[in-house]
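Trainee: I should like to learn how to read a protein model step by step. May we take the features one at a time, with the general idea before the case?

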Amino acid sequence: MTQAPLDTIYTADEAAKRLRLTNRGVISLAKAYGLCSRRGRDYLFSEADLLGLWEVLREPAKQPKPPTRSAIPSELQKYERLITLTAKNSRRAVTKLKP
């Protein structure tokens, strides 16, 4: 049986530096997702563990939200908007007519 060679092994400090996180943050995240090994008090990380942690940290893709009903103006809103627009225009017309 052939075994694959072991990747580089990182300490928690090295992994934290590599992922630009705190030491405690890397350890707690790795423990939550099972992406570390432990020897006594030391937590050790393989290259595959770091890649797994990186995938956990990735932001999910955003999907566009469908328009809500409130985004579509009602007939009443259209009417009120029309009234305000015509009122503004009539005020302008009145100010222009004054000598």
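Trainee: How many helices and strands are there in the protein chain?

Mentor: Please bear in mind that this is a predicted model. One begins by listing the elements of secondary structure: the protein chain has 4 helices and 3 strands. Their order along the sequence is β-α-α-β-β-α-α.

Trainee: What percentage of the residues of the protein chain count as buried?

Mentor: A residue is called buried when its relative accessible area is under 20%. Of the 99 residues in the protein chain, 16% meet that description. The chain exposes about 9100 Å², and 56% of this area is supplied by carbon and sulfur atoms. As for contacts between residues at least 6 apart in sequence, 52% join residues at least 24 apart.

Trainee: At what angle do the axes of helix H1 and helix H2 cross?

Mentor: For a pair of helices, one considers both the approach of the axes and the angle between them. The axes of H1 (residues 12–19) and H2 (residues 23–33) come within 8 Å and cross at roughly 100°. Angles of 65 to 115 degrees count as roughly perpendicular, and H1 and H2 are therefore roughly perpendicular to each other.

Trainee: Which residues of H1 meet which residues of H2?

Mentor: From H1 come Ala-12, Asp-13, Ala-15, Ala-16 and Leu-19, and they meet Asn-23, Val-26 and Ile-27 of H2. By character, the residues of this contact divide into 6 nonpolar, 1 polar and 1 charged.

Trainee: Which residues of H2 are buried, and against what do they pack?

Mentor: Val-26, Ile-27, Leu-29 and Ala-30 are the buried residues of H2. They pack against H1, strand S3 (42–46) and helix H3 (47–57).

Trainee: How should one read the backbone angle phi?

Mentor: The sign of phi is the point to examine. Most residues other than glycine have a negative phi. Arg-20, a residue other than glycine, has a positive phi near 60°. Arg-20 lies in the loop between H1 and H2. With a relative accessibility of 79%, Arg-20 counts as exposed. A positive phi, of about 65°, is also taken by Gly-34, just after H2.

Trainee: Is Glu-14 of helix H1 buried, partly exposed or exposed?

Mentor: Glu-14 belongs to helix H1 and counts as partly exposed because its relative accessibility is 41%. One may next consider what a side chain reaches: that of Glu-14 comes to 2.9 Å from the backbone nitrogen of Thr-11. A further reading compares sequence with space. Glu-14 and Phe-45 are 31 residues apart along the chain, and their C-alpha atoms are separated by 9.0 Å.

Trainee: Which residues does Ser-46 touch, not counting residues up to four places away in sequence?

Mentor: Under that condition, Ser-46 touches Thr-8, Ile-9 and Tyr-10. Ser-46 is found in strand S3. Ser-46 counts as buried because its relative accessibility is 15%.

Trainee: Is Leu-51 buried or exposed?

Mentor: A leucine is to be judged by its computed area, as any other residue is. Leu-51, found in helix H3, is exposed, with a relative accessible area of 52%. Its C-alpha atom is separated by 9.3 Å from that of Leu-35, and the two residues are 16 residues apart along the chain.

Terms used:
Residues are numbered from 1 along each chain as its sequence is written. This is a predicted model: local features need pLDDT of at least 70, side-chain atom pairs count only at pLDDT 80 or more; totals for chains, interfaces and linings use all residues. Side-chain values use heavy atoms; hydrogens and water are left out. Axes are lines fitted to C-alpha atoms, for helices over the stretch in contact, and angles run from 0 to 180 degrees between N-to-C directions. Helices (H or I, at least four residues) and strands (E, at least two) are DSSP runs, numbered from the N terminus. Angles under 35 degrees count as roughly parallel, over 145 as roughly antiparallel, 65 to 115 as roughly perpendicular and the rest as oblique. Contact means heavy atoms within 4.5 Å. Ala, Val, Leu, Ile, Met, Phe, Trp, Tyr, Cys and Pro count as nonpolar, Asp, Glu, Lys and Arg as charged, and the others, Gly among them, as polar. Buried means under 20% relative accessible area, exposed over 50%, partly exposed in between (1.4 Å probe, protein chains only). Accessible areas come from the Shrake-Rupley method with a 1.4 Å probe; for residues, only the protein chains shown count as cover. A polar contact is a pair of N or O atoms within 3.5 Å; within protein, one must be able to donate a hydrogen and the other to accept it, and residues adjacent in sequence count only if both atoms are side-chain atoms.
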